[in-house]
Amino acid sequence: MATTATAYLTGFGRYLPGDPVDNDGIASRLGGDDPVTERIRRRVLDANGIRQRHYALDEHGEPTELNEELAVKALRAALADRGIDAADLRMLACATTMGDVLVPGFASMVHGRLGGGPMQLLSASGVCASSLAALDAAVSKIRLGDHPRAAVVGSELASRSLRQRRYDGIRAGMDSHFLRWMLSDGAGAVVVEFQPHPTRPSLRVDWVRQVSLAHEYDVCMRAGMSGVDPVVGRTWQDVDIAEADAEGMFLLRQDVSVLDDLADAGIRQFEELVDIGLVDVRHLDHVICHYSTNAFRDVAFDALRRRVPTLDTDRWFSNLETRGNTGSASIFIALEEAWSSGRFAPGDTVLLAVPESGRFSFAFAHLTVVAPPSSQGAPT
């Protein structure tokens with residue numbers, strides 16, 4: 001049901017650097033062609049189903065762009081899609097796992113490169129779910145009437161941390177190499193407004209929900225510490241950079257043994273949304289879920305079929321196989337592609353779902369496709 005104060009997604013953009021890299025071309029960009037690393041890479045790739053991805057690296061594995069540049073290119077695509085300029089924005093919310101610099105915040109760097117006028121900024125840190133956290137903040141400010149228009153971007157440039165030079169001297173194991181063959185680069189952005197697009201359909205934001213289960217689960221995805229928990233005096237800020245590097249503190253690590261628990265917890269969070277009436281699975285037209293492997297999709301299908309035995313899996317949209325896992329950018333990159341494909345029609349409902357393995361958090365957003373105000377009798 002529409003409310004008097006709501007928000008609409010009216011522009012969509014994405015940016016994927018360079019040409020697509022297939023599974024056989026990964027080692028030429030990231031390095032790591034020894035037998036042990038090759039065996040781990042093949043095992044991970046066989047499981048996740050990713051066939052190609054993009055890196056902001058040249059053929060020699062050297063960076064070609066900054067993370068802030070990826071973000072700005074996605075934002076400019078979203079602004080062009082809406083037909084406005086950066087000067088029309090009053091808020092910019094940016095999500096990323098790791099920016100280019102420690103200070104200033106990522107949003108400040110993106111704003112400086114994007115340009116425009118004075119605006120409120122938000123840097124949402126975390127991992128995959130930070131993009132929907134940024135969206136939640138922007139939508140809330142639009143609904144409050146503080147701003148008429150905002151932009152939200154999720155951007156990741158993980159490849160710099162995945163090159164072989166980071167792994168030299170580090171024992172090859174699944175916890176340190178799993179994400180190396182999972183993650184890639186890209187950015188996705190949306191424009192948020194207090195009213196729908198005047199001449200074409202928009203996506204009304206019905207609600208956004210985020211929940212952390214960090215009080216129940218240990219750290220799963222991590223960087224910057226020696227073990228699985230931070231210890232006073234043993235984080236990357238407490239020791240010499242060379243020592244931190246030698247201990248592999250700068251590697252993105254994943255405790256793969258608990259990923260099944262992540263999937264189960266995510267299903268429980270989804271079922272809670274169904275139980276309290278926020279999601280009506282009988283009238284849910286599209287699901288866009290960010291996940292790192294097709295195995296999670298299959299778990300989700302099984303859970304949904306328990307609720308809806310006649311579930312049509314064509315409702316499910318993912319571009320994991322062709323765009324890769326781009327962390328916080330993934331959900332907006334997938335939304336832009338789904339939107340541009342023409343699969344949405346006025347009146348359709350769309351659920352965005354993002355599980356985050358960092359320390360088990362989950363984010364969901366429910367959207368409804370609305371026709372432009374000029375359309376007579378259009379669903380609202």
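I started at one pair: Val152 stands opposite Val190 in S7. Worth keeping in mind that this is a predicted model.

**Entry: S6 and its neighbours**

I looked up the strand around Val152 next. S6 covers residues 149-156, and eight of its eight residues are buried. I asked myself which residues sit on each side of S6. Arg149, Ala151, Val153 and Ser155 are on one side, Ala150, Val152, Gly154 and Glu156 on the other, and both faces are covered. I noted that the buried set includes Arg149 and Glu156.

Then I checked the partners. S6 pairs with S7 (residues 186-193) in the antiparallel sense, over eight bridges. S4 (residues 91-95) runs parallel to S6, with five bridges joining them. In that pairing I found Met91 opposite Ala150.

**Entry: the whole sheet**

I followed the pairings outward. What is the order of the strands in the open sheet? I read S5-S4-S6-S7-S1-S8-S14-S13-S11-S12, ten strands with mixed pairing. S5 (120-124) and S12 are at the edges with a single partner strand each, so one side of each has no neighbour in the sheet.

At the S5 edge, the partner is S4: the two pair in the parallel sense over five bridges, and Ala93 stands opposite Leu122.

At the S12 edge, I looked at S11 (residues 286-289). Two bridges join S11 to S12 (residues 316-317), and the two strands run parallel. Ile288 is opposite Phe317 there. S11 also pairs with S13 (residues 349-356), again in the parallel sense, over four bridges, with Val287 opposite Leu351. I checked the S11 side chains too: His286 and Ile288 point one way, Val287 and Cys289 the other, and all are buried.

**Entry: helices on the sheet**

H4 lies across S4, S5 and S6, at about 125 degrees to S4. H5 (residues 130-144) lies across a longer list, including S1, S6, S8 and S14, and runs at about 120 degrees to S8.

I spent more time on H3 (residues 67-82). With 16 residues at 1.5 Å each, H3 should span 22 Å, and its end C-alpha atoms are 23 Å apart, so the two agree. Among its buried residues I listed Leu70, Ala71, Ala74, Leu75, Ala78 and Leu79. An α-helix has 3.6 residues a turn, so residues three or four places apart point the same way. What covers the buried residues of H3? I found S1 (7-15), S4, H4 (106-114), S6 and S7 among the elements doing this.

Last check: just after H3, Gly83 has a positive phi of about 85 degrees.

Conventions
Residues are numbered from 1 along each chain as its sequence is written. This is a predicted model: local features need pLDDT of at least 70, side-chain atom pairs count only at pLDDT 80 or more; totals for chains, interfaces and linings use all residues. Side-chain values use heavy atoms; hydrogens and water are left out. Buried means under 20% relative accessible area, exposed over 50%, partly exposed in between (1.4 Å probe, protein chains only). Two strands pair if DSSP finds at least two bridges between them. The expected span of a helix is 1.5 Å times one less than its number of residues. Contact means heavy atoms within 4.5 Å. Axes are lines fitted to C-alpha atoms, for helices over the stretch in contact, and angles run from 0 to 180 degrees between N-to-C directions.
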